[in-house]
Amino acid sequence: MAYLLADGQPEAPAGARFRAALARPGILRLPGAHNGMAALQAKAAGFPALYLSGAAMTAQMGLPDLGIITVDEVAFFIRQLVRASGLPVLVDGDTGYGEALNVMHMVRLFEEAGAAAVHLEDQLLPKKCGHLNDKKLASPAEMAAKVAAAARARRHLYLIARTDAAAAEGIEGAVARAKLYVEAGADAIFPEALTSVEMLREVRARLPGVKLLANMTEFGRTPTLTAQEFEDLGYEMVIWPVSSLRAANRAQERLYAALARDGSTATMLPEMQTRAELYATIGLAEFEALDRSIAATVLPDAVE
């Protein structure tokens, strides 16, 4: 509701609010939110910021994460999360949707949509999930040019450079790239698909003073660690990129199976969000109160 009211809008730019959240004690926890409802639920759980995953965006569109979607489609999802929650959002910028000029366009468009932060990766199109095999990498110089372009175009956006080089070039290559990207203007580094605690620890040790983001995706190459364990390793941020979508998809799968089997959703009712819970989450009563021509909703009596 706050986005409808002038006095409900945050005064500080989204990027500044992201930096403020990052400056607070402890690791910044960024749960993935794949749509506006997920954003509201994450906010209700107490999270101070959110992550918007390219894999989650494409999957909910029924597409693989191969760099298919456009900046305008991503902006649609950014607006959903920002409008619903008002929280600062870190956005997956994939490869920047092209070269330097495309990256600059992406930065401006994402800022206009309300993004607080973005990460760019050093893969080539068609890109793949960072935890999959045989990724093709841009040269360090090509990626550094994109980072520099993003840094030049931004007004307030927090800029994170992701490197997928550990799989092909080892820690040496990933660290060398990370240092180059920081010199080009990155605020932080996202070392993707590190496969052991030892690798996570070594990257931290070899990039002193550089803020690091960890990816705690399920079913990937990185060992399952808690936020506290990542913090103890010296990481400043952690994302759970596709968790909300995975859980929602499994619930929908069970629903459709029950409906096909029984011709009814009755057995699934205990697993459903109730009408009252839905309306409370989206703030229906508060929206209705803004327009006196709308009658206040009275919930129907449940039919046994």
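Biologist: When I look at two charged residues such as Glu192 and Arg162, how should I read their surroundings: are they buried or exposed?

Modeller: This is a predicted model, and in it both Glu192 and Arg162 are buried. Buried here means a relative accessible area under 20%.

Biologist: What, then, do the side chains of Glu192 and Arg162 form with each other?

Modeller: Side chains of opposite charge can pair when their charged atoms come close. In this structure, the side chains of Glu192 and Arg162 meet in a salt bridge, with 3.9 Å from N to O. This pair joins distant parts of the chain, since Glu192 sits in the loop between β6 and α8 while Arg162 belongs to strand β5, 30 residues apart. Both residues also take part in a network of salt bridges that links Glu121, Arg162, Asp164 and Glu192.

Biologist: How many salt bridges does the structure hold, and where would I find another one that links distant parts of the chain?

Modeller: The structure holds 15 salt bridges. One of them is formed by the side chains of Asp187 and Arg154, at 2.5 Å from N to O. That pair also links distant parts of the chain, with Asp187 in the loop between α7 (166–184) and β6, and Arg154 in the loop between α6 (140–153) and β5 (158–163), 33 residues apart. Asp187 counts as partly exposed because its relative accessible area is 25%, and Arg154 is likewise partly exposed, at 21% relative accessibility.

A further case is Arg254, which forms a salt bridge with Glu271, the closest N and O atoms being 3.0 Å apart. Here the linked parts are helix α10, which holds Arg254, and the loop between α10 and α11, which holds Glu271, 17 residues apart.

Biologist: Turning to nonpolar residues, which members of the largest nonpolar core touch the most other members?

Modeller: In the largest nonpolar core, which has 61 residues, these are Phe110, Phe230 and Tyr235. A second, separate core of 18 residues includes Phe18, Ile160, Ala188 and Leu213. Tyr235 is buried, at a relative accessible area of 2%, and, leaving aside neighbours within four places in sequence, the residues in contact with Tyr235 include Ile27, Pro191, Leu200 and Phe230.

Biologist: How many aromatic pairs does a search of the whole structure find, and how do I read their geometry?

Modeller: The search finds four aromatic pairs. For Phe76 and Phe77, the ring centres are 5.6 Å apart and the planes stand at 75°, so the pair is edge-to-face. The rings of Phe230 and Tyr235 have centres 6.3 Å apart and planes at 70°, so this pair is edge-to-face as well. Accessibility adds to the picture: Phe76 is partly exposed, at 48% relative accessibility, whereas Phe77 is buried, at 6%. Phe230, at 0% relative accessibility, is buried.

Biologist: And which residues form a nonpolar patch on the surface?

Modeller: Met61, Leu63, Leu66 and Ile68 form such a patch, with about 300 Å² of accessible area together. Met61 lies in the loop between α3 (54–60) and α4 (71–85), and counts as partly exposed, at 33% relative accessibility.

Biologist: Lastly, what should I note about the backbone of Ala193?

Modeller: Ala193 has a positive phi of about 60° although this residue is not a glycine. Ala193 lies in the loop between β6 (188–191) and α8 (197–206), and is buried, at 8% relative accessibility. Tyr97, also not a glycine, has a positive phi of about 65°, and lies in the loop between β3 (89–92) and α5 (100–113).

Terms used:
Residues are numbered from 1 along each chain as its sequence is written. This is a predicted model: local features need pLDDT of at least 70, side-chain atom pairs count only at pLDDT 80 or more; totals for chains, interfaces and linings use all residues. Side-chain values use heavy atoms; hydrogens and water are left out. Patches are made of residues with over 30% relative accessible area and no salt bridge: like charges are joined within 9 Å, nonpolar side chains (Val, Leu, Ile, Met, Phe, Trp, Tyr) within 5 Å. Accessible areas come from the Shrake-Rupley method with a 1.4 Å probe; for residues, only the protein chains shown count as cover. A salt bridge is a side-chain nitrogen of Lys or Arg within 4 Å of a carboxyl oxygen of Asp or Glu. Helices (H or I, at least four residues) and strands (E, at least two) are DSSP runs, numbered from the N terminus. Buried means under 20% relative accessible area, exposed over 50%, partly exposed in between (1.4 Å probe, protein chains only). A nonpolar core is a set of buried Ala, Val, Leu, Ile, Met, Phe, Trp, Tyr and Cys residues joined through side-chain atoms within 4.5 Å. Contact means heavy atoms within 4.5 Å. Rings of Phe, Tyr and Trp (its six-membered ring) pair if their centres lie within 6.5 Å; planes under 30 degrees apart count as stacked, over 60 as edge-to-face and the rest as tilted.
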